[in-house]
Amino acid sequence: MDLKQLLGEATEYDKKQAVEMKKPKSWLKSVSAFANTVGGVLVFGIADNDEVVGIDDIKAASEYISQKIKERISPFPNVVLRIQSIDDKEVLTVYVPEGSETPYYYSAEGVAEAYIRIGNESVLADATEQKRLILRGRGTSYDTLISPYSYDDYAFSKLRERYKSWTGSSMTEKMMDSFGIRNSEGQLTNAGALLADDGPIRHSRLFCTRWNGLDKSGGSVDALDSAEFSGSLIILLNEGLSFVKRNMRTMWKKTADSRIEMPDYCERSVLESLVNALIHRDYLVTGSEVHIDIYDNRLTIFSPGGMPDGTLVQDWNITDIPSIRRNPVLADIFNRLGYMERKGSGLEKICLAYENAANYTPELAPAFFSNRSSFIVTLWNLNYQAIQSGELDENLFEEQAGGQDGVHDRSQDRSQDRSQDRSQDRDKESKIEKLLEFCSVPKTRDEMQEFLSMSSVGTFRRQYLSVLLEDGRLKMTLPDKPTSRYQKYIKS
């Protein structure tokens with residue numbers, strides 16, 4: 001077996017050159033993290049640069065590892081140890097499956113700590129993450145928990161209206177039980193509380209802002225439009241879509257027998273993005289809400305909570321992302337209401353709708369970013385670049401909000417736009433120079449992105465990383481392994 005085949009057997013893995021006997025926590029925390037998330041494998045006897053160094057006394061190492069896992073990880077995960085030969089050297093692999101009795105704690109000196117995987121790191125789970133692990137270990141989820149609110153105190157007119165319009169039938173009282181809205185004693189589940197017209201869960205809100213410019217510092221007028229919505233998730237969805245529609249424009253061009261409409265944003269992509277944000281957000285995070293932010297060149301939708309399995313969405317091929325539902329009751333109800341599908345194809349649909357747009361170009365593909373606490377979708381304004389370059393005439397826009405054909409009235413003239421563009425170009429070049437200086441020593445993509453305070457991986461790659469690599473001002477430290485998780489970049 002070669003190294004590539006060995007590492008290819010697990011989605012997540014950690015390589016260790018040797019078994020740290022004086023500092024077993026350095027690898028035991030990965031055992032805890034793998035068991036608490038999607039599983040993984042520890043490989044002992046391989047250096048960070050993928051050199052196979054082997055383990056000298058592999059039998060003693062195996063016994064020590066097995067002993068420490070039994071002593072320090074609780075409950076004991078069902079690990080599998082294997083001795084394998086690579087290049088005539090023996091390496092030891094420790095396979096840790098995803099556990100069903102979460103949280104799995106690392107315990108030492110009277111302290112118990114649970115770890116989780118975020119990207120390729122094992123990090124200490126905070127209080128909110130431990131709550132998630134406890135719920136998972138009990139085989140339940142936030143939306144199934146019983147709330148302190150009584151069903152008789154709340155109305156569900158929006159839920160009933162949507163069900164009637166989608167199915168043609170009326171919701172019966174019995175459906176409130178089968179849908180998971182309430183329990184047999186008449187108490188609302190958290191899912192029910194989130195779908196009540198006057199939803200009592202305060203942090204289930206939607207903040208919407210149309211910013212003046214390309215960022216949140218728009219000058220004399222920061223925001224051109226803003227709104228805050230609360231109540232049923234159905235209300236949040238409808239109001240969010242309405243906010244976007246009134247703050248976007250549609251261009252059109254004539255054909256021989258009709259006209260082709262070219263909106264700033266694909267409405268289907270906005271719908272899918274907002275549904276995902278409301279249904280898959282982490283409601284255990286109480287200090288944050290879903291946000292829609294519209295800028296001149298893009299729309300972003302932020303939701304609290306990263307990927308449910310701890311992976312990073314930017315590390316996945318969109319078509320390969322597994323369907324994991326953080327809130328299965330909400331997801332099932334929204335499926336019954338026709339808002340989403342059970343198979344979890346929302347991100348694919350977001351991209352497909354853009355690809356089918358008449359004014360789409362590949363560099364305008366939707367971008368997805370997540371970390372341990374948030375998920376962000378970026379939808380690019382399909383008309384922005386064409387207007388800025390003069391390829392399209394702004395007078396071909398019609399106002400979206402009123403539904404009437406007409407000429408869009410801009411508050412700034414073209415000379416101001418060109419001046420702003422030149423200023424932005426100078427600012428970008430200044431950032432590039434600072435970034436190159438920062439990369440005088442090797443830096444990871446995450447470090448570079450953090451240095452520029454950029455949240456979108458797609459934007460960073462398109463505007464900075466790809467440009468600097470192509471013109472030779474930046475180079476990879478591992479050019480033969482461009483997708484390696486150990487890849488870094490250095491100034492040429």
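**Exercise 1. Find what share of the contacts with a separation of 6 or more comes from residues 24 or more positions apart, and set this beside the overall make-up of the protein.**

Step 1. In this predicted model, residues 24 or more positions apart account for 64% of the contacts in the protein with a separation of 6 or more.

Step 2. The secondary structure comes to 15 helices and 21 strands, and of the 492 residues of the protein, 48% count as buried.

**Exercise 2. Describe how helix α2 packs with helix α3, giving the angle, the distance and the residues that meet.**

Step 1. Two packed helices are described by the angle between their axes and the distance between the axes.

Step 2. Helix α2, which covers residues 25–36, and helix α3, which covers residues 58–72, pack at an angle of about 65 degrees, and their axes are 11 Å apart; the crossing of α2 and α3 is right-handed.

Step 3. On the α2 side the residues are Trp27, Leu28 and Val31, and they meet Tyr64, Ile65, Lys68, Ile69 and Arg72 in α3. Sorted by class, this contact of α2 with α3 has 6 nonpolar residues, no polar residues and 2 charged residues.

**Exercise 3. Carry out the description for helix α8 and helix α9.**

Step 1. The axes of α8 (residues 233–246) and α9 (residues 267–280) come within 10 Å and cross at roughly 145 degrees, and the crossing of α8 and α9 is right-handed.

Step 2. From α8 the contact takes in Leu233, Leu236, Leu237, Gly240, Leu241, Val244 and Lys245, while from α9 it takes in Glu267, Val270, Leu271, Leu274, Val275, Leu278 and Ile279.

Step 3. By class, the contact of α8 with α9 has 11 nonpolar, 1 polar and 2 charged residues.

**Exercise 4. Place threonine 144 in the structure and decide whether threonine 144 is buried, partly exposed or exposed.**

Step 1. Threonine 144 sits in the loop between α4 (127–137) and β9 (146–150).

Step 2. Its relative accessible area is 29%, and because partly exposed covers the range between under 20% for buried and over 50% for exposed, threonine 144 is partly exposed.

Step 3. The side chain of threonine 144 makes a polar contact with the side chain of threonine 140, at 2.5 Å. Leaving aside residues up to four places away in sequence, threonine 144 touches Thr189 and Val329.

Step 4. Threonine 144 and leucine 330 are 186 residues apart in sequence, and their C-alpha atoms are 9.0 Å apart in space.

**Exercise 5. Decide whether aspartate 153 is buried or exposed, and then trace the contacts of aspartate 225.**

Step 1. Aspartate 153 is found in the loop between β9 and α5 (157–167); because its relative accessibility is 59%, it counts as exposed. Aspartate 153 and glutamine 187 are 34 residues apart in sequence and 9.8 Å apart in space, taken from C-alpha to C-alpha.

Step 2. Aspartate 225 lies in strand β12, residues 223–230, and its side chain makes polar contacts with the side chain of arginine 246 at 2.8 Å and with the side chain of asparagine 247 at 3.0 Å.

Step 3. Not counting residues up to four places away in sequence, aspartate 225 touches Cys208, Thr209, Arg210, Phe243, Arg246 and Asn247.

**Exercise 6. State how many disulfides the structure holds, and say whether cysteine 208 is buried or exposed.**

Step 1. A disulfide is a covalent bond between the sulfur atoms of two cysteines, and the structure holds 0 disulfides.

Step 2. Cysteine 208, which is among the residues that aspartate 225 touches, has a relative accessible area of 1% and is therefore buried. Cysteine 266 is also buried, with a relative accessible area of 9%.

Definitions and conventions. Residues numbered from 1 in each chain as written. Predicted model: local features only at pLDDT ≥ 70, side-chain atom pairs only at ≥ 80, totals over all residues. Heavy atoms only, no water. Disulfide = S-S within 2.5 Å. Buried < 20%, exposed > 50% of the residue type's maximum accessible area, 1.4 Å probe, protein only. Axes fitted to C-alpha atoms, helices over the stretch in contact; angles between N-to-C directions. Helix = DSSP H or I, 4+ residues; strand = E, 2+ residues; numbered from the N terminus. Left-handed = near helix turned anticlockwise from the far one by under 90°. Contact = heavy atoms within 4.5 Å. Nonpolar A, V, L, I, M, F, W, Y, C, P; charged D, E, K, R; others polar. Polar contact = N/O pair within 3.5 Å; in protein donor to acceptor, adjacent residues only side chain to side chain.
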